[in-house]
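I opened the notebook to look up the overall build first, then the core, then a few single residues. Entries follow in that order.

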Amino acid sequence: MSTPSTTAYVLRGVRPYGTDPVDVVLAEGVIAAIGAPGTVEVPDGATEILASGGDGTGGDGTGSDGTGSDGTGLVLLPGLVDLHTHLREPGREDAETVFSGTRAAAAGGFTAVHAMANTTPTQDTAGVVEQVYRLGQEAGWVDVHPVGAVTVGLGGEKLAELGAMADSAARVRVFSDDGKCVHDPVLMRRALEYVKAFDGVVAQHAQEPRLTEGAQMNEGVVSAQIGLAGWPAVAEESIIARDVLLAEHVGSRLHVCHLSTAGSVEIIRWAKGRGINVTAEVTPHHLVLTDELARDYDPVFKVNPPLRTAADVEAVREGLADGTIDIVATDHAPHPVEDKDCEWASAAFGMTGLETALSVVQQTMVDTGRMTWADVARVLSENPARIGRIDGEHGGGQGRRIAVGEPANLTLVDPAATRAIDGRTQVTASDNTPFAGMELPGRVVATFLRGRATVLDGAVVESTRTGSVTLEGAAR
C-alpha cells in the first residue's frame, strides 16, 4: 500500500454521513481529530479545505461552518470501495489501463477497487494477480485488489490456482469468472469448499448459458416488439437458487454479482432468512435504466445482465433499501469506440460507471428518501470492504467508520451540485457511459487515500498542493 502523506489537511465545516458540521483533521495518514467548527487543533502548515468561501466566512451566502440556511453542505463519507471493476490491463489497454481506470475511480470518490479477472492473460495465477496488484501500487490513485479467476482461463473446466493467489502478495480473497458463469455445479461446489480455507468468497456471474445462447436483451415485451433475442430472468434466478443452496450445503461464502431481477431479489431474501452466508450487489445502471432504452438499438445500453423492466428496477431499489442487497458495485466495463459504435448484435456488452455511481445512488436512493448518507456509506464503502476482506490493516483499512485514529480514506461530496454527463470529458479512457446527456446530482469534490489527496476541487491531483483550497459547491 502507498505510504501516508506527510501533508496535513483540515476539512472545515463538513458533515460526516450528512450529520452536523464539524472540522476534521487528517495527519500522518489517519483521522487525527474531529470537533465542532473552530475547536480542533490545527497542525502547523496544514492545508485548509473550506466547505465554501475562500476565507471561511461563507461569501456565497453560507455560514462560517460551510452550510447553507437550508442545512445543505459538503457530506463526508468513508472512501468508496468497488467490488466489481474492469481495468482491462493486461491485454486490453486500448479500452482502459490500471492507471487510467484508477484515476477515474478516484474521481468518482473511490479509494479501493477490485479488478476483475477477465484480462488477457486471465488473472488465474499468482504471477498475473501480483502484476495487476503492483500496477495499482505504482499508479497510486486507489488501492487495487485483483480478483482471481475461479477456473483456468475462465474456461469453466478446471479450478485455477486459488490457494496460490490467496497466498500471493496480492492476498486475493475474491474469486470470480465474471463475464462467464461457473455453470458446472460440481466445479462450483469445489470452489466454494476450497475458498473456506482462507476465508475467501466466490462471486458468481449468474447466467445459465444454455438459456441465454444468442440473447441480446431482456426477454419481454420490448424484445418481442423490436425483434432482439430475449434473455430470460430465469437464466439468472436459476443459477442464484442453485448456488445459495450449494453455499448452505458446504458452509461457505457466496457473493452474487450484478443482480438484476425481482425474482433474484426474492431468492436472496429467502436465502438470508434461512441463514445462508450470501451477499449480493446491484449496479447503478440497474437501479435506474430499463429495457425500454433498447428501442433505438443504441449499443451503449447493451449490458450483461441486460437492462430489465421498470418492475425489476423497483424491486432492486427496494432490496437495496431494506438490506437484502448488500452493496452497489459499478461493473465498470470500458470499451474502445469501435466495440460500441456499431450495430447492436456486434457490440460488446458493458458500460462505464466509476465516475457516475455515487450520483446515481444519490438520485435513486437518497433524493427519493429511501436511504440516508449513512446507508450510502454502508452499501458503497463498509459492506464492500468487509465482503472483500480489505477492512483490516492488510487491506489498507478501507470501509472503516469516520472516527479519530482510523485510516483517512475519505470522500467529500457536494450533494447540492448537479452536472451534465459527457463521456468524452470523463477521466476513464473509454466514453461508453449510458448516462451521456443526462443531468445527475452530486459532485465528488475531494478524495483522500490514507490522508493523501487524490482529488481536490473535483479534479484528480497530479502533484502535491499546499496552502488553502476552497471547494466551491453548486449554486444553492
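**Secondary structure.** I counted eleven helices and 20 strands in the protein. I note that this is a predicted model.

**Overall size.** I checked the radius of gyration next. The protein has 476 residues, and a compact globule of that length would come near 23 Å. I found 22 Å, which agrees. I then took the spans of the C-alpha trace along its principal axes, and got about 65 × 50 × 45 Å.

**Burial and surface.** How much of the chain counts as buried? I got 62% of the 476 residues. The exposed area comes to about 16900 Å². Carbon and sulfur atoms supply 49% of that area.

**Contacts along the sequence.** I looked at contacts between residues at least 6 apart in sequence. Of these, 73% join residues at least 24 apart.

**Charges.** I listed 37 positive and 64 negative charges. Their mean positions lie 5 Å apart.

**The core.** I searched for the largest nonpolar core and found 97 residues in it. Which members touch the most other members? They are Leu11, Leu26, Val244, Leu320, Leu358, Leu380 and Phe448. Helix H6, residues 233–250, gives the most to this core, with six residues. I set a general point beside this: in soluble globular proteins, nonpolar side chains tend to be buried together.

**Leucine 26.** I picked leucine 26 from that list and pulled up its contacts, leaving out residues up to four places away in sequence. Leucine 26 touches Thr7, Ala8, Tyr9, Leu11, Ile31 and Ala32. It also touches Ala408, Leu410 and Phe448. Two of these names, Leu11 and Phe448, I had already written down among the core members with the most touches.

**Glutamate 406.** I went to the loop between helix H11 (373–387) and strand S16 (410–420), where glutamate 406 lies. Is this residue buried or exposed? Its relative accessible area is 18%, so glutamate 406 counts as buried, the cut-off being under 20%. Setting aside neighbours within four places in sequence, I found glutamate 406 in contact with Val30, Ile31, Arg400 and Arg401. Ile31 is on the contact list of leucine 26 as well.

**Proline 37.** I found proline 37 in the loop between strand S3 (30–35) and strand S4 (47–50). Its relative accessibility is 38%, so proline 37 counts as partly exposed. I also took a C-alpha to C-alpha distance from proline 37 to threonine 352, and got 38 Å. In sequence the two are 315 residues apart.

Key:
Residues numbered from 1 in each chain as written. Predicted model: local features only at pLDDT ≥ 70, side-chain atom pairs only at ≥ 80, totals over all residues. Heavy atoms only, no water. Helix = DSSP H or I, 4+ residues; strand = E, 2+ residues; numbered from the N terminus. Rg over C-alpha atoms; globule rule 2.2 N^0.38 Å. Buried < 20%, exposed > 50% of the residue type's maximum accessible area, 1.4 Å probe, protein only. Contact = heavy atoms within 4.5 Å. Areas by Shrake-Rupley, 256 points an atom, 1.4 Å probe, with all protein chains shown as cover. Lys, Arg positive; Asp, Glu negative; His and termini not counted. Charge placed at Lys NZ, Arg CZ, Asp CG, Glu CD. Core = buried A, V, L, I, M, F, W, Y, C linked by side-chain atoms within 4.5 Å.
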